[in-house]
Amino acid sequence: MRLLYLLIPFFSISQDLDFSIKSIDEKLLNDTNAVVRLDEMKINILASDRLAYTICKVVTVLNKKADENSITSVSYDKETKIRDLGVFVYNAEGGEIEKIKKKEFKDYSAADGFSLYTDNRMLYHKYTPITYPYTIAVKYTIETTDTAFFPPWYFIPNYLTSIEKSYLEIRYQDLDLKPDVKEFNLDNLLLEKSDDANSIIYKAKNILPIRFETLGPSFRDIVPRLAFRMKKFNLKGEEAHVEDWRDMGFWMNEALLKNREILEPETIKQVKELVVGVDDNLEKARIVYKYVQENTRYISVQIGIGGWKPISAIEVDKVKYGDCKGLSNYTYALLKAVDVPSYYTIISAGKRKVDLDKDFSRLQGNHAILAIPYKDDYYWIDCTSQIHPFGFLGDFTDDRLALVVTPEGGKLVKTVAYLNEENYQKTSAKYSIEENGSIYGEVKMQTGGIQYDNRFSIETKSKEDITTYYKDYWDNINNLQIENIEFSNDTQEVMFEENISIKATDYASKSGNRMLFEINAFNNNSFVPDRYRNRKMPLEIQRGYLDKDEFKVQLPKDYKLEALPQTIKIENEFGQYSASYEHDASTNIIFYSRELFIKSGRYSKEKYSNYRSFRKSIAKNDNAKVVLIEESK
Amino acid sequence: MIKKSCYVLILLFIYNVNAQDYKFGKVSKEELKEKIYTKDSSASASVLYRDVDVSYRYIQSSGFEVIKEVFERVKIYNKEGFDYATISEKLYQGNGDSESFSSLKAYTYNLEEGEIIKTKLKNSDIFKEELSKYYDEEKFTMPNLKEGSVIEYQYKVTSPFSYSIDEIEMQYDIPIKKQKVKVSIPEYYSFKTNMKGYLSMIPKKTTKSGKINFSTKNRSSGSGLRSGSQTTFSNSSIDYITNIHTYDMQDMPALKDEPYTNNIDNYRASINYEIQFVKFPNNPTKSYATTWESVAKTIYESTNFGNQIGYRKYFKKDLEQLLLDKNTDEEKITAIFSFVQDRMNFNSYIGKYTDEGVKEAYKKQSGSVADINLMLIAMLKEAGLKANPVLVSTRDNGVPLFPTREGYNYVIASVELNGQNILMDACNKYTEPNLLPTSALNWSGRIIKEDGSSESIPIVPEKLSKKETFLNVNLLENGDISGKQRERYMFYNAYLFRNKNNSVSEDDYLDKKENNNGGLEISNYNVKNKKVLGKPIVESFDFELESQADVIGDKIYMSPLLFHAEDENPFKLEKRNYPVDFVFPRSNRYVINITIPEGYKISYIPGTMNIALPDKMGRFTYQLVAKNNQIHVLSDVKINRAIFPATDYFALKEFYKNIVEKQTEQIVLSKIK
């Protein structure tokens, strides 16, 4: 085998391929920064614990914006070897101008920016372009014993990139090793497919670019791609045979979690003391979660199988830190010690909701949380947070399919969702405008749901950060000074209250003997999504919300009201906006009330401009001004 | 007698109350109970005590080595402070030698039910990571950490690089209550101390004597009847003096970043020990860089610097061709600069020494800063011009305060024309002679002459970079506007425009511009001189924009500068400790003509304003004139200096407050009845 490698010439693509820019089909050059000339992956499955794949990717970079293609970075670890790594650069005519060999690559730690330590490494090289266009070809072979993560296949690697030829080939020694394939978004693709006893092949040609559009679905939701899995796989030496999510749960219990929950008798005694006299499981869980939050912190260390296997509860108990897996398992262990069942749960975390693939069990997800079964329902806790209320997930892990690892195997369960009006903010304020244009105000804000999640952590920040936060939050008020701040955090009800008094000079602007000011001082929403001359993606609003505002505005003594904005009410499929104004002449007070309700949902691309107009009207009305005129003395 | 003993007792008593024990492991309950740092309640953690001891040790086989012993006791007040419980130390390696990390001892202390509970850091929780060819990093995070914990750690770094002592930071991002820094250096090494930052640091100087013991092996051959040889061991010793500097400091405030600061590390208190020379007994003096002058000379003499200017052959033919029709020096400079700028592509490697060398870079058409700019210098020289390299420290590298070779990390070219130095950097496609990338604008640089002599030259732009905007606007009755805009970007404004937008497609650029200006709709877009360096960029277009005026009742209110109004004061902090850095002097001038809708009359326009900053540092001129159905608006903001000292902060803040206030003042139109 070895010898054969030596006989293969250093690089062997392209003899019959024309990499000159002239040979690119005109259609592929519109609205694109790069053309992928060839994207090829050949996978060879040698055994359930041996996989080799060869990548050959040739990209013509048309302008600077696609310069990320000039970077080649290939990661590796103890189980993974990189072979035959080489990069070739060609000019516009297709002539070779540079050749980079493996030894010219830099070897870096693949630090992820948040781990204290990781043993992943990468080889890295950056080519400096001298002219555009240029073509860069990268080729390498990866050999690994980890078959748990089968490389996925994306027919489109990026936005604003067109593809000339995409080729995927999987070979296997026998049918036993044949992987399952799951297809996503292949509808509009010109595809050739073959599938037989020894190989699976996908070929696609001339794929036109897609563009990023704001408030659209995520890239992985629209792009044509394939996912694979091997039912028998190997993860850093741990063998598995997994047919479905149920099996996956069994395997995780056996291979990754078993005996990790053992605690010192001393610790068990301690935690039992914590819940003395408490019978209700949920109450017990609350106490234990609070204990974990007060006594541990999140530190990530990723070594070997540690990427999937939690550090033992005993270990976490000693050092009082761990990553998501370690802390979840530790909390599970503590709960077990007080006879409260809970389940280790794998999830894809992030503001974007991403489900684990239904009916396609494979190692997925990037985070671990805990599910506590209680009266036919689940309560969810994220043990990496020291501040989230019990049972409250927030927008990091809400409303998505997660793998709950129960003693009866794995189950896909949707986590808690925070719906439209549950994500509320109620602002009530009293403010006055002085003769010199200054504003003095007292504001009370109450938030719940995802809006709670956006706000409550402000409490833990330093005084300076808090002040800076409010100066940004109310950037419509110049010269803002924060006089007093009080917070109260009701973790039981999950409601956060901010009481703030402010002042600012020159809030109202003067024009001769008139004074103008924006009446919506404290919840001014000027968000208008970008305009597209030709919108292609549907509109997606991931989470809805409801804002209610009531302001009482005392006008200055020597001024009388000249004009008020028009009362307004807009209702449509996206939600509702209303604002009303009432002036009491005897006290010279304006009562302002406003309501903004946005519904979550997915709408056709044609609806996008309607939504934009809706937001424009909101922005315009939130800026509406009151005009005062000086009373002649 | 009785009285006296009373005093003694009282003194003892007081002493005991105030005494903090700064020995490792002697953490007190008081320290654990402490809830906030009283002198700065916003601190999330503080260093209760810090001891840094730098000393030398003689090893017979290899000579002197430097040992840095660190001990820190840190109080964690809240969760925000947990970050300070992760500690890392970088270790350098080079020339086959490397620094080593040892003797780590670390504990976390917590108060549990009135008892102090200690948790030890285990060896298995210490990680060593290979950062690069030159640096490794030792890292650990403390176990059993809680709000209120006190942590202690001590460790030792041993370095074979005896001529170099790392810069010692005296100020952290959190406050330091008390620290003791001791540096002991044998008389053979001569260092100069340099201080940085705004805090005073005066060392106590003492001396101590030391002794080096040698054992020498001698072999003498026998003679006469006794044959064979004999080995004797002789012990000898040398006495020497160690000079000791001790810094005892208390209540070092936290270093806090502020907006519009060049690089906050420039203001961090630290001490730098800079080697002057090494002189061992019976050995000649070995001198190291001691002044900027000699630093420059050392750099110049490196094969990756001075020599690179000497190579000429590789470009000779191309240069001859290039200069065929160039007669004046000015023409030659422009031609050579453009030639290098066009031919060469910057590979993003920053450094004062060449990467692959000028010849290889020339061939590949890509190279590092030094590859490109030293090549430029060589070509200028070959053309008979007086060209020299200028060493610079980039903004990221900080302002070079003490002469070290690391102080400079960048090199640009200078050429003399009519007795003036023109500065050039050919690494960016849009720079010009005397227009350097903003990252290189960092107070001053050092120009090195052919004979190795050098002098400091300022690198702060003085020329005003203007932006002029002309608008012709038609206001409609519903508050929408339409019109034409013409904008001229000059000097640095043009440079920044080109860098930001030249690689972006026009559609993307316009989409962004439209969306950043509240839904501006642009048509007939035209831009001139995008690629013609030296000329202003001129952008013009027609536009429409909704709701630019408030129509309330029978009146229309609008801000005279429309979507160009400065509506937020950039200076929000109440006070400021560090200089304000505008990067370059600038002016923004608007000339706007507004035609009001038919059936309306002008009932109010804001009055004129003319204010200035002290010492002609800036000026704001604002003037509106109404004529028939037209309003002419002029607004001009000039900032005449790149850098303002912190003492001018309040004036600047007021200046901007006035601008915002004035520019947001509304025009009032009313319907003719």
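The paragraphs below walk through the domains, the chain contact and the overall form of this predicted model.

A few conventions help at the start. Residues are numbered from 1 along each chain as its sequence is written, while chains are lettered from A and ligands numbered from 1 in the order in which they are written. In this predicted model, local features need pLDDT of at least 70 and side-chain atom pairs count only at pLDDT 80 or more, whereas totals for chains, interfaces and linings use all residues.

Chain A is a good place to begin. Its domains, with bounds from an automatic or database domain assignment, are domain 1 (2–235), domain 2 (242–414) and domain 3 (420–630). Between the centres of domain 2 and domain 3 of chain A, taken over C-alpha atoms, lie 39 Å. Where these two domains meet, 7 residues of domain 2 of chain A are in contact with 8 residues of domain 3 of chain A; residues count as in contact if their C-beta atoms, placed from the backbone, lie within 7 Å. On the domain 2 side of chain A, the touching residues comprise 4 nonpolar, 1 polar and 2 charged. Here Ala, Val, Leu, Ile, Met, Phe, Trp, Tyr, Cys and Pro count as nonpolar, Asp, Glu, Lys and Arg as charged, and the others, Gly among them, as polar.

Chain B is divided into domain 1 (29–201 + 243–285), domain 2 (292–458) and domain 3 (465–671). The centres of domain 2 and domain 3 of chain B, over C-alpha atoms, are separated by 38 Å. Their contact draws on 6 residues from domain 2 of chain B and 8 residues from domain 3 of chain B, and the domain 2 side divides into 3 nonpolar, 2 polar and 1 charged.

Turning to the meeting of the chains, 45 residues of chain B are in contact with 43 residues of chain A. Elements of chain B giving two or more residues to this side include β8 (135–141), α10 (506–516) and α11 (649–663). The chain B side holds 11 nonpolar, 18 polar and 16 charged residues.

As a whole, chain B has 11 helices and 37 strands, which are DSSP runs (helices H or I, at least four residues; strands E, at least two) numbered from the N terminus. Its C-alpha atoms fill a box of roughly 130 × 85 × 50 Å along the principal axes. The radius of gyration of chain B is 33 Å, against near 26 Å for a compact globule of 673 residues; this radius is taken over C-alpha atoms, and the globule rule is 2.2 Å times the number of residues to the power 0.38.
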